[in-house]
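Here is a short report for a reader who is new to this structure. Please look over the sequence and the fold before reading on.

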Amino acid sequence: MKQKILVAGGTGYIGSHTTVELQHAGYEVVIIDDLSNSNRDVLDGIEKITGIRPDFIELDLKDKEGTREALKAHPGIKGIILFAASKAVGESVQQPLKYYRNNIVTLLNLLDLMPEFGIEGIVFSSSCTVYGQPDELPVTENAPIKPATSPYGNTKQINEEIICDTIHAGAPFKSILLRYFNPIGAHPSAEIGELPNGVPQNLIPYLTQTAIGIRKELSVFGNDYDTPDGSCIRDYINVVDLAKAHVIAMDRMLENKSDDRVEVFNLGTGRGVTVLELINTFEKGTGVKVPHKIVGRREGDIEKVWANPEKANQVLGWTAKETLEDTLVSAWNWQKKLRERGIQ
């Protein structure tokens, strides 16, 4: 058994897939989650895949004393992966204080407590939103950080700065900042996947819910952008590929494979796909039509962005392997599994 890892937000979408990959790699996992955008049943799915039920604590990480007690109750944690955050661009424009409170206070509490408990490293779930609308595509890690186009994006920028400033000031731990592009799909077992509470804020669960008849139609925000078909371009990455990168990042920190105290990596496929192309690929892969309509642009959306993942490919030895079609089929299989379970 490798070291013990705290996955903050581990019953969420990316957190649950990362927990699976950490367990496959031999790590012991402790999950803290307040279940504000996830479900305790996710633990059953993790256990079905790996045969191991991770320790779980229901807790709001904004509660610093509660977090301290949780760490006391689980001694020996060597690393943290921080997913716990509100994550919808559109909602953040409408509810900025929720995003600043949830996303920043959680990080401050964990950074404060890490030295007290001898925790050696933190992997931070960041985002390509820190680049804003990039000057050059594809985006490398050296691209300038642009003024955020949403409070969500701003919290990612601020949190990166907080981590860098804290370590520069001499904090006794390391960090790897992983800037995701657009995670989609589900575990191939269809035991875990993206399951937002209420109306989905993200594209793929809204798309699959529309395809299965829960939603009337999918809104495509804008068809007048400077892209091949006028819809926004994103770099869609399979969630299991993404999860595996976190395991490699944790290995790298705990095994001291780098002298750098803070490292940054883009995680993407290197291919930009329009929203309309994504819908077409889903329909081709599943044979299911997705009712959709073009509506006006959405505040906070970036026109086009995709990754240059060469640094992650070369330094981490990580690459995104799954095809877009297979990834979309996995999301559809997950949606069908939810229907079988009577969840939606």
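The report below covers the nonpolar cores, one helix and some salt bridges.

This is a predicted model.

**The cores**

The largest nonpolar core has 37 residues. Ile5, Leu22, Leu178, Met250 and Leu267 touch the most other members. Several helices and strands each supply at least two residues of this core, including β1 (4-8), α1 (13-24), β6 (174-180), α8 (239-254) and β11 (262-267). Which helix gives the most to this core? That is α8, with nine residues.

Leucine 178 shows what such a position looks like in detail. Beyond its neighbours within four places in sequence, leucine 178 is in contact with Val123, Phe124, Ser125, Ser126, Ser127, Ala245, His246, Ala249, Phe265 and Leu267.

There is also a second, separate core of 28 residues. Among its members are Leu6, Val30, Ile77 and Leu177. In soluble globular proteins, nonpolar side chains tend to be buried together.

**Helix α11**

Helix α11 spans residues 324-340, 17 residues in number. From its first C-alpha to its last it reaches 25 Å, close to the 24 Å expected at 1.5 Å a residue. Its buried residues include Leu324, Leu328, Ala331, Trp332, Trp334 and Leu338. Polar residues are buried in α11 as well, among them Thr327, Ser330, Gln335 and Lys337.

What do the buried residues of α11 pack against? Their partners are β7 (182-184), α7 (203-212), β10 (236-238), β12 (273-274) and α9 (275-286). Glycine 342 follows α11 and has a positive phi, near 75°.

**Salt bridges**

The whole structure holds 25 salt bridges. Side chains of opposite charge can pair when their charged atoms come close. Three of the bridges are listed here.

| Pair | Closest N to O distance |
|---|---|
| Glutamate 47 and arginine 53 | 2.9 Å |
| Arginine 252 and glutamate 263 | 2.8 Å |
| Lysine 257 and glutamate 255 | 3.1 Å |

Take arginine 252 and glutamate 263. This pair links distant parts of the chain, 11 residues apart: arginine 252 lies in helix α8 and glutamate 263 in strand β11. Are the two buried or exposed? Arginine 252 is buried, because its relative accessibility of 13% is under 20%. Glutamate 263 is buried too, at 8%.

Elsewhere, glutamate 47 is partly exposed at 33%, and arginine 53 is partly exposed at 38%. Both belong to a network of salt bridges that also links Asp44. Lysine 257 counts as exposed at 51%, while its partner glutamate 255 is partly exposed at 44%.

How values were computed. Residues are numbered from 1 along each chain as its sequence is written. This is a predicted model: local features need pLDDT of at least 70, side-chain atom pairs count only at pLDDT 80 or more; totals for chains, interfaces and linings use all residues. Side-chain values use heavy atoms; hydrogens and water are left out. Helices (H or I, at least four residues) and strands (E, at least two) are DSSP runs, numbered from the N terminus. The expected span of a helix is 1.5 Å times one less than its number of residues. Buried means under 20% relative accessible area, exposed over 50%, partly exposed in between (1.4 Å probe, protein chains only). Contact means heavy atoms within 4.5 Å. A nonpolar core is a set of buried Ala, Val, Leu, Ile, Met, Phe, Trp, Tyr and Cys residues joined through side-chain atoms within 4.5 Å. A salt bridge is a side-chain nitrogen of Lys or Arg within 4 Å of a carboxyl oxygen of Asp or Glu.
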